[in-house]
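Got your viewer open? Here's a short tour to follow with the selection tool at hand, one stop at a time.

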Amino acid sequence: MEHTDNKTDLAKIIRERRAVKKGYNNKEVKEETIRELLEDAVYAPTHGMRQPWRFIFVGADKKNDFAKKVAATYPEERQQNREDYLNEPNAHLIVIMEEPEIQKQWEENYGAVASLIQNFWLLAWEKNLGVVWKTNPHIYDPQVKELLNVKENEKIVGFIHLGYFDEKPMPKDRISVEEKFSRYK
């Protein structure tokens, strides 16, 4: 990996940020912390200032019940596995997007929400709050949408798994920009 000592703090955070899927400690993820991070994250680019997002927080006090209800949407033989999986993080943030009928606006909205999630992730990383954006099959399940009161014109973009960690995952190299860059001829 390229040496990053001469990089800005932001560039270092961008390069070092990782998905934290396991290894969470027992520190509680508090709703007020998530709200504070979101207050800055919402400054993501958004076409027409549509700000097409909304959020549902599931804290430690509701996590077990939530995991059980979401797991119940899976076939019986997978339910315990899914319940355990949803109980691994300390909390969840469900990100929901408005789905306009015009394809161009749909894509703009998705880009805005993805940018917001990246902003949130970088801000969380600064606080040793692990984040991973999950798009498991249950985000498409009508029963899960009903459980979360997702409207007809909305889409669950992902479950953001959250938890504090003690040990940062090691950064992984990226393919060089040289291999992905060209010039119009």
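## Stop one: a helix pair

Select Glu31 and Arg35: both sit in helix H2, four residues apart, which is about one turn of the helix. Show their side chains and you'll find them meeting in a salt bridge, 2.9 Å from N to O. Now add a surface. Glu31 is partly exposed, at 38% relative accessible area, while Arg35 is exposed, at 53%. Before going on, keep in mind that you're looking at a predicted model.

## Stop two: the sheet

Next, switch to cartoon view and pick out the strands. Four of them make an open sheet, in the order S1-S2-S4-S3, with antiparallel pairing. Which strands stand at the edges? They are S1 (53–58) and S3; each has a single partner strand, so one side of each lacks a neighbour in the sheet. Look along the sheet and you can see the twist: on average, neighbouring strands are turned by 25° against each other, direction ignored.

Walk across the sheet pair by pair:

- S1 and S2 are joined antiparallel over six bridges. Select Phe55 and you'll see Val95 of S2 standing opposite.
- S2 and S4 also run antiparallel, with eight bridges joining them. Try Leu93 here; its bridge partner in S4 is Ile160.
- S3 and S4 pair in the antiparallel sense over six bridges. Pick Val132, and the residue opposite in S4 is His161.

Stay on S4 for a moment. Eleven of its eleven residues are buried, so this strand is largely enclosed by the rest of the structure.

## Stop three: the core

Time to look inside. Select Ile34, Leu93, Ile117, Phe120, Leu129, Ile160 and Leu162: these have the most contacts inside the largest nonpolar core, a set of 24 residues. Colour by element and you can see where the core comes from: helix H2 (31–41), strand S2 (91–98), helix H5 (103–126), strand S3 (129–134) and strand S4 (154–164) each give two or more residues. Which element gives the most? That's H5, with seven residues.

For a close-up, centre on Ile117. Leaving out residues up to four places away in sequence, Ile117 touches Val95, Trp133, Val157 and Ile160. Then look for another cluster: a second, separate core has 15 residues, including Ile56, Val58, Ala67 and Leu86.

## Stop four: a buried lysine

Go back to strand S4 and select Lys155, which has its place there. Is Lys155 buried or exposed? Buried, and yet without a salt bridge: the nearest side chain of opposite charge belongs to Glu99, 5.6 Å away. Show what surrounds this lysine. Not counting residues up to four places away in sequence, Lys155 touches Val95, Ile96, Met97, Glu99, Trp106, Tyr110, Tyr140 and Val150.

## Stop five: more salt bridges

How many salt bridges are there in the model? The count comes to seven, and you met one of them at the start, between Glu31 and Arg35.

Now select Glu154 and Arg54. They form a salt bridge, with the closest N and O atoms 2.8 Å apart. This one links distant parts of the chain: Glu154 belongs to strand S4 and Arg54 to strand S1, 100 residues apart. With the surface on, compare the two ends: Glu154 counts as buried at 5% relative accessibility, whereas Arg54 counts as partly exposed at 25%.

Move on to Lys69 and Asp65, whose side chains meet in a salt bridge of 3.3 Å, N to O. Follow the backbone here: the two are four residues apart in helix H3 (residues 60–71), so about one helical turn separates them. Both partners are partly exposed: Lys69 has 43% relative accessibility, and Asp65 has a relative accessible area of 43%.

Then try a trio. Select Arg50, Lys104 and Glu108, and you'll have a network of linked salt bridges on screen.

## Last stop: after H7

Finish by selecting Ser182, in the segment that follows helix H7 (177–180). Ser182 is exposed, with 63% relative accessible area. Now add Lys12 and draw a distance line between the two C-alpha atoms: Ser182 and Lys12 are 26 Å apart in space and 170 residues apart in sequence.

Methods: Residues numbered from 1 in each chain as written. Predicted model: local features only at pLDDT ≥ 70, side-chain atom pairs only at ≥ 80, totals over all residues. Heavy atoms only, no water. Core = buried A, V, L, I, M, F, W, Y, C linked by side-chain atoms within 4.5 Å. Buried < 20%, exposed > 50% of the residue type's maximum accessible area, 1.4 Å probe, protein only. Contact = heavy atoms within 4.5 Å. Pairing = 2+ DSSP bridges. Axes fitted to C-alpha atoms, helices over the stretch in contact; angles between N-to-C directions. Lys, Arg positive; Asp, Glu negative; His and termini not counted. Salt bridge = Lys/Arg side-chain N within 4 Å of Asp/Glu carboxyl O.
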